[in-house]
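User: Could you take a close look at the enclosed space inside this protein for me? I'd like to know what surrounds it, and then hear about whatever else stands out in the model.

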Amino acid sequence: MMRPLEDVRSHVLSSVPRLGSEEIDYRDGLWRVLAEPVTAPEDVPPFHNSAMDGFAVLGDDVREAGAVLAILEDVPAGFVASGEVGPGEAIRIMTGAPMPPGADTVVRVEDTTVEDDTVTVAVVVGQGLHVRPAGGDVHSGQTVFQAGDRLSPMHIGVLATIGAVTPVVSKRPKVGFMSTGDELQPAATRDLAPGQIRDSNRPMLAAILAEVGVEMVDYGTVPDDADALRATLGQAAVETDVIVTTGGVSMGDYDVTKLVLREDTGVEFLSVAMKPGKPFAFGSLGGTPFFGLPGNPVSVTVSFEQFVRPALLAMQGASRLFRPQVQGVAGERFETDPAKTVFVRVQLSEEDGALAARSTGSQASNVLSGAAAADAFAVVPRGVADVEPGKPVTLELFRALETRGLEGV
Ligand code: AMP
Ligand code: MG
């Protein structure tokens, strides 16, 4: 019996344990999940300052074009003015320098001409213009980030800004991964013997796990040998928090993962109503969550995205477990399967103000080049037979936002 993807995923998410927390150096925080909120101890910016290179003046003096003002001194960023600005006066100021007492407005240097110690303001400048107020970004006492937020590069910058250099984050799961299959050879193999292929799943898993930001242990390529697999799984169960394997979970006589774990009451071999990625094993090996992904590389990516990635984030208490989904339109006809949730690998382009999705070619689960070319999955739900061109389609963005560091923000 096929089980709906959503049911299997909820089962997975409710089964995985929640990890403890630790204090870290904020510079090691990329993609970590906050276990405690972060509060700003002071205003950001800490003082009123200039948003422009120009002149700090009184708004009253520049209500009309042509004001001529006496230049008192210069204030670069990092310094403070020695005096204050009075009527008919100006202080030359650089971006980020504190506003001198008295001044409430900044005139851009582009709008002025300077002669000796006087500046002529060519334009009318509204009072308060080009001044960045203290606390305009973050105010003192504000909760800047919540527990469950995942730290992007911008978050790291904000932590630095407010001096929160030892955030408390969830521990990272230590993920043990391995590929299985007698046909698999190292990627650097020059001449493959008949029947052999290069192992693409394992380096791909390493990369995808690095992107999630977990700790990893590579258990290599395990042959289709029950004893070898049993030994490696036993070792991984002791050494890691999560085990991910690829291959050997479907119906074949040589599907060794299934042979080895079939008797293990802690692991279920499931048939998920999704395409690709129908065969999937999940459970616990002596208390360690176990994910048995299929062998075909595209199935690996889809199953990882749907089950493993959200589980790894849930273990860290992340408030956002799933990739962003947006609405687009089918740029062409998608033939799908009404019995399954189908993930069509698509490229996106903007057409008539909508995001149009077009298949990257063959949707066979071994065609990894098509997945590499994709921006997103078009997610076609169960019950839908085909999607006609121009019809709305849900797009799961697995690439565009992650690389820009906005994922999880
Ligand atoms: P399996 O589920 O083990 O029967 O594998 C299904 C298909 O995926 C077979 O064509 C395998 O050769 C292929 N496959 C399994 N593991 C890998 C891997 N690590 N890299 C590339 N292809 C694989
Ligand atoms: Mg195999």
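**A close look at the cavity**

Analyst: Happy to! The largest cavity has a volume of about 40 Å³. Please keep in mind that this is a predicted model. With a threshold of 30 Å³ or more, the structure holds 1 cavity.

Let's go round its walls. The lining is made up of R9, E305, Q306, R309, P310, L321, F322, R323 and E396. Helix 6, which spans residues 297-315, gives the largest share of this lining, with 4 residues. By character, the lining of the largest cavity splits into 5 charged residues, 3 nonpolar ones and 1 polar one.

Now to the bound molecule, where there is plenty to see. The shell around ligand 1 holds 16 residues, and those that come nearest are E183, D199, S200, N201 and G248. Two of the nearest residues also make polar contacts that are worth viewing up close. In E183, a side-chain N or O atom sits 2.6 Å from an oxygen atom of ligand 1. G248 uses its backbone instead: one of its backbone N or O atoms is 2.9 Å from an oxygen atom of the ligand. A nitrogen atom of ligand 1 takes part as well, at 3.3 Å from a polar backbone atom of G295. On its own, ligand 1 has 490 Å² of accessible area, and the protein covers 75% of that.

The make-up of this shell is also worth a look. Around ligand 1 there are 9 polar residues, 4 charged and 3 nonpolar. Strand 13 (174-180) and strand 15 (197-198) each contribute at least two residues to the shell.

Moving on to charged pairs, side chains of opposite charge can pair when their charged atoms come close. Across the whole structure, a search finds 18 salt bridges. One of them joins the side chains of E268 and R3, with 3.4 Å from N to O. E268 belongs to strand 18 (residues 267-271), while R3 is in the segment before helix 1 (5-15), so this salt bridge ties together parts that lie 265 residues apart in sequence.

Finally, a few backbone details deserve a place on your list. As background, most residues other than glycine have a negative phi, and most peptide bonds are trans. Which peptide bond is cis, with omega near -5°? That is the bond from K275 to P276, and P276 is located in the loop between strand 19 (274-275) and strand 20 (279-285). V44 and P45 are also joined by a cis peptide bond, with omega at about -10°. You will find P45 in the loop that runs between strand 2 (38-39) and strand 3 (49-50). The loop on the other side of strand 2, between strand 1 (21-23) and strand 2, contains W31. Although W31 is not a glycine, its phi is positive, at about 70°.

Technical notes:
Residues are numbered from 1 along each chain as its sequence is written. Chains are lettered from A and ligands numbered from 1 in the order in which they are written. This is a predicted model: local features need pLDDT of at least 70, side-chain atom pairs count only at pLDDT 80 or more; totals for chains, interfaces and linings use all residues. Side-chain values use heavy atoms; hydrogens and water are left out. On a 1 Å grid over the protein atoms alone, a cavity is a set of points where a 1.4 Å probe fits but cannot get out, and a pocket is an open set with protein on both sides within 12 Å along at least five of seven lines; lining residues have an atom within 4 Å of a point. Grid points are joined across faces, edges and corners, and a volume is the space filled by probe spheres set on the points. Ala, Val, Leu, Ile, Met, Phe, Trp, Tyr, Cys and Pro count as nonpolar, Asp, Glu, Lys and Arg as charged, and the others, Gly among them, as polar. A residue is near a molecule or strand if one of its heavy atoms lies within 4 Å of it. A polar contact is a pair of N or O atoms within 3.5 Å; within protein, one must be able to donate a hydrogen and the other to accept it, and residues adjacent in sequence count only if both atoms are side-chain atoms. Accessible areas come from the Shrake-Rupley method with a 1.4 Å probe; for residues, only the protein chains shown count as cover. A salt bridge is a side-chain nitrogen of Lys or Arg within 4 Å of a carboxyl oxygen of Asp or Glu.
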